Amino acid sequence: MTKARIQTRNMTSRRKFLGEAAVAAAAIVAAPSVVKAQGPVSMRWQSTWPSKDIFHEFALDFAKKVNDMTGGDLKIEVLPAGAVVPAFGLLDAVSQGTLDGGHGVVVYHYGKQSALALWGSGPGFAMDANMLLAWHKYGGGKELLARLYESIGANVVSFLYGPMPTQPLGWFKKPVAKAEDLQGLKFRTVGISIDVFTALGAAVNALPAGEIVAALDRGLIDAAEFNNASSDRVLGFPDVSKICMLQSYHQNAEQFEILFNRAKYDALPDQMKAIITNAVEAASQDMHWKAIDRYSKDYVEMQTTDKVKFYKTPEAILKKQLEVYDEVVKKKAAENPAFKEIILSQIAFAERATRWEQDTVVGRRLAFDHYFGQGGVAKEF
């Protein structure tokens, strides 16, 4: 082959390579344009909370994180409870596609499958809400929940996040001194707590957040629990009661749930799904931090401005709660194989995790008394 022919052949190959490269580059550049041309994915959600409740704010916080992290390619709009469906109708609405997604708690689906209440309703076998989330992610809970939803025909994808602090026993007309004081009370609660308080002698009425205070005010119920200082204050509990009993085992380890309609979620690009997964975890910790800040402020405000008196639930009542809870779950486990499977999974994880916690984590009461108790040294700084 002559030198001229070799040069001609090389030039032809080079032109072919450059041409192919140009086509590939054009495709790469054009791909985002195609996505943009289709416009952002819009989703209409609803929470199970009134618009003024901090829980609805948490739902908005999550939506903003996703909207921001996707650069606006996914736009989630979150409506308050009742905007489309009643609070307790969220699961059906998301499953059927009436809503694209929602923000609530698993325990609100208790009526469809009693085992769903095990995500938050009860003492958590000595786990707090963060530890129960650890079980959910690393101890098999996520897979068990997906199977439960499949068993009841719920066409949803669920993400759990946002560990809640221990919830109060509730709001009463007078302090509760013993378990017998609950007998005959018309009481609001949800989930397995319905069975527990019923066994303690109360007449239970499960109401969504937005209906509780009105029911108390009208005398339809005598006492009620909801969740935390900020929610309880903004919903108006201090307007109808001045007695709140703190600490309880009836909802010691609850968390929030983010629901997507499965078809809507499956249609999303993988990158967007990855953003959602990471946004859930980011929102979980942010919610936890915000709750500490806001709940503690409203706790002080209710004592100083609203003149609410807080009492610690007597230990005898706490022990009775545990005993009654055990009776309830043993009965349900005997009737419901899925319920038993979840209980055993939680117990196995809790025995290991809580033993580690009890042996490792120092009690903070001593430090609190040292700095802020009578004669506390914090004022010396």
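Helices and strands here are DSSP runs, helices of at least four residues and strands of at least two, numbered from the N terminus. By that scheme, Gln-247 sits in the loop between β9 and β10 (255–261). The model is a predicted one, and the walk below starts with how far to trust it.

Confidence comes first. The protein chain has a mean pLDDT of 92. Of its residues, 90% reach 70 or more. The exception to keep in view is residues 2–37, where the pLDDT is below 50. Beyond near neighbours in sequence, that stretch makes three contacts in the model. Where pLDDT is low, the predicted coordinates should not be read in detail.

Now return to the loop after β9. Gln-247 has a positive phi of about 75°, although it is not a glycine. Most residues other than glycine have a negative phi. Is Gln-247 buried, partly exposed or exposed? Its relative accessibility is 40%, so Gln-247 counts as partly exposed.

Phe-125 also has a positive phi. The value is near 50°, again in a residue other than glycine. Phe-125 is found in the loop between β3 (101–104) and α4. Its relative accessibility is 21%, so Phe-125 counts as partly exposed. The cut-off matters here, because buried means under 20%.

Asp-222 falls on the other side of that cut-off. At 16% relative accessibility, Asp-222 counts as buried. Its place is in the loop between α7 (209–217) and β8 (223–224). What does Asp-222 touch, leaving out residues up to four places away in sequence? The contacts are Trp-171, Lys-173, Gly-184, Leu-185, Lys-186 and Leu-216.

Helix α12 is next. It covers residues 315–335, 21 residues in total. At 1.5 Å a residue, the helix should span 30 Å. Its end C-alpha atoms are 31 Å apart, which agrees. The expected figure comes from multiplying 1.5 Å by one less than the number of residues.

Which residues of α12 are buried? They are Ile-317, Leu-318, Gln-321, Val-324, Tyr-325, Val-328, Val-329, Lys-332 and Ala-333. These buried residues pack against three elements: α6 (192–199), β11 (309–312) and α13 (337–360).

Two of the buried residues of α12, Gln-321 and Tyr-325, also help line the second largest cavity. That cavity has a volume of about 40 Å³. The rest of its lining is Ser-121, Gly-122, Pro-123, Ile-192, Ser-193, Val-196, Tyr-249 and His-250. Both α6 and α12 supply at least two residues each. The largest share, three residues, comes from α6. By class, the lining has five nonpolar, five polar and no charged residues.

How many cavities of 30 Å³ or more does the structure hold? There are four. The largest has a volume of about 70 Å³. Its lining is made of 13 residues. Nearest its centre lie Tyr-108, Phe-226, Asn-227, Gln-251 and Glu-254. This lining divides into eight nonpolar, three polar and two charged residues.

Turn from closed spaces to open ones. The largest pocket holds about 2,000 Å³ of space. It is lined by 49 residues. Gln-247 appears again here, among the closest to the centre, with Pro-165, Thr-166, Asn-252 and Arg-364. Several elements supply at least two lining residues each: α4 (129–138), α8 (229–235), β9 (243–246), α11 (270–304), β11, α12, α13 and α14 (365–372). Which of them gives the largest share? It is α11, with seven residues. By class, the lining has 31 nonpolar, 12 polar and six charged residues.

The second largest pocket holds about 520 Å³ of space. Its lining has 19 residues. Leu-133, Lys-137, Leu-160, Val-280 and Glu-281 lie nearest its centre. At least two lining residues come from each of α4, β4 (156–163) and α11. In this pocket the largest share, seven residues, comes from α4. The lining is made up of nine nonpolar, seven polar and three charged residues.

Key:
Residues are numbered from 1 along each chain as its sequence is written. This is a predicted model: local features need pLDDT of at least 70, side-chain atom pairs count only at pLDDT 80 or more; totals for chains, interfaces and linings use all residues. Side-chain values use heavy atoms; hydrogens and water are left out. pLDDT is the predictor's confidence in each residue, from 0 to 100. Contact means heavy atoms within 4.5 Å. Buried means under 20% relative accessible area, exposed over 50%, partly exposed in between (1.4 Å probe, protein chains only). On a 1 Å grid over the protein atoms alone, a cavity is a set of points where a 1.4 Å probe fits but cannot get out, and a pocket is an open set with protein on both sides within 12 Å along at least five of seven lines; lining residues have an atom within 4 Å of a point. Grid points are joined across faces, edges and corners, and a volume is the space filled by probe spheres set on the points. Ala, Val, Leu, Ile, Met, Phe, Trp, Tyr, Cys and Pro count as nonpolar, Asp, Glu, Lys and Arg as charged, and the others, Gly among them, as polar.
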